[in-house]
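Me: I would like to take a close look at a single part of this protein, with its surroundings explained step by step.
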Amino acid sequence: MTMVTFRHAAGPDASAVHRLISDNLEAGHLLPRTMDDIVAHVSRFLVAEIEGSVVGCAELAPLSKTVAEVRSLVVDQHARGNQIGPRLVTELASGAVSRGYATLCAFTHQPSHFVKMGFTIVPHMWVPEKIAHDCTSCPLFRRCGQYAVTLPLRAGVQIRPEQPAAVIYGGRTVGARRPNVERLQLDPTHVFGTADEHAVPA
């Protein structure tokens with residue numbers, strides 16, 4: 001059984017994270033990141049490892065005191081199909097809760113992946129923190145092809161990829177389903193509560 005380890009990224013991981021993002025720019029519709037940028041923000045990344053190799057990463061980027069964003073979520077093509085992406089998002093969500101954030105958001109060309117994890121598609125204007133922080137300086141501002149998705153946060157947040165959430169268009173809820181984010185007791189050895197790494201089966 002393949003074992004996947006999740007842990008905080010550290011300085012030595014910067015090159016592996018940068019390479020993983022750079023190698024998957026087109027496949028993952030990712031924004032390019034410079035090495036200097038990764039080094040400066042490496043402590044905000046979570047990485048997934050298989051046999052000592054970094055095969056996935058995601059960044060928890062603060063936009064305000066209450067809103068944080070999932071950025072640079074990517075899993076190596078050879079490691080896909082093991083639920084590494086949803087687990088990375090779950091870990092980031094729990095970390096965001098512990099830091100006092102009320103909302104987790106993402107901007108993506110492939111919203112279905114996030115909807116399956118419990119996020120809701122919303123108008124961009126519903127995330128003004130992102131617009132003020134990044135969008136107004138972007139050359140594609142007002143011509144953006146990305147979707148905005150959000151997830152309300154609470155203690156014990158758990159991603160449930162098998163139960164898609166509702167989609168909101170202009171304030172109208174379409175296809176609402178039973179809630180798929182449950183209140184669960186946080187594991188005291190959670191990756192965001194300790195410096196020790198932990199492993200889970202893929």
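Are the residues of H3 mostly buried or exposed, and how many of them are buried?

Reply: This is a predicted model, and in it helix H3 is mostly covered, with 13 of its 15 residues buried. The helix runs over residues 84–98, and its length can be checked by a short piece of reasoning: at 1.5 Å a residue its 15 residues should span 21 Å, and because the C-alpha atoms at its two ends are 21 Å apart, the expectation and the model agree. After H3 comes glycine 100, which has a positive phi, near 90°.

One residue within the range of H3 deserves a separate look, namely arginine 87, which lies over the face of phenylalanine 6, at 5.2 Å from the centre of that ring.

Elsewhere, the structure holds one aromatic pair. The ring centres of phenylalanine 114 and phenylalanine 119 are 5.2 Å apart and their planes stand at 85°, so this pair counts as edge-to-face. Both phenylalanine 114 and phenylalanine 119 are buried.

It remains to ask how confident the prediction is. The protein chain has an average pLDDT of 77, and 69% of the residues score at least 70. Among the elements of the chain, helix H2 (residues 35–41) has the highest mean pLDDT, 95, whereas strand E8 (residues 167–169) has the lowest, 38. Over residues 161–201 pLDDT stays under 50, although the model has 97 contacts beyond four places in sequence for these residues. Where pLDDT is low, predicted coordinates should not be read in detail.

Conventions: Residues are numbered from 1 along each chain as its sequence is written. This is a predicted model: local features need pLDDT of at least 70, side-chain atom pairs count only at pLDDT 80 or more; totals for chains, interfaces and linings use all residues. Side-chain values use heavy atoms; hydrogens and water are left out. Rings of Phe, Tyr and Trp (its six-membered ring) pair if their centres lie within 6.5 Å; planes under 30 degrees apart count as stacked, over 60 as edge-to-face and the rest as tilted. Buried means under 20% relative accessible area, exposed over 50%, partly exposed in between (1.4 Å probe, protein chains only). A charge sits over a ring if NZ of Lys or CZ of Arg is within 6 Å of the ring centre and within 35 degrees of the ring normal. pLDDT is the predictor's confidence in each residue, from 0 to 100. Helices (H or I, at least four residues) and strands (E, at least two) are DSSP runs, numbered from the N terminus. Contact means heavy atoms within 4.5 Å. The expected span of a helix is 1.5 Å times one less than its number of residues.
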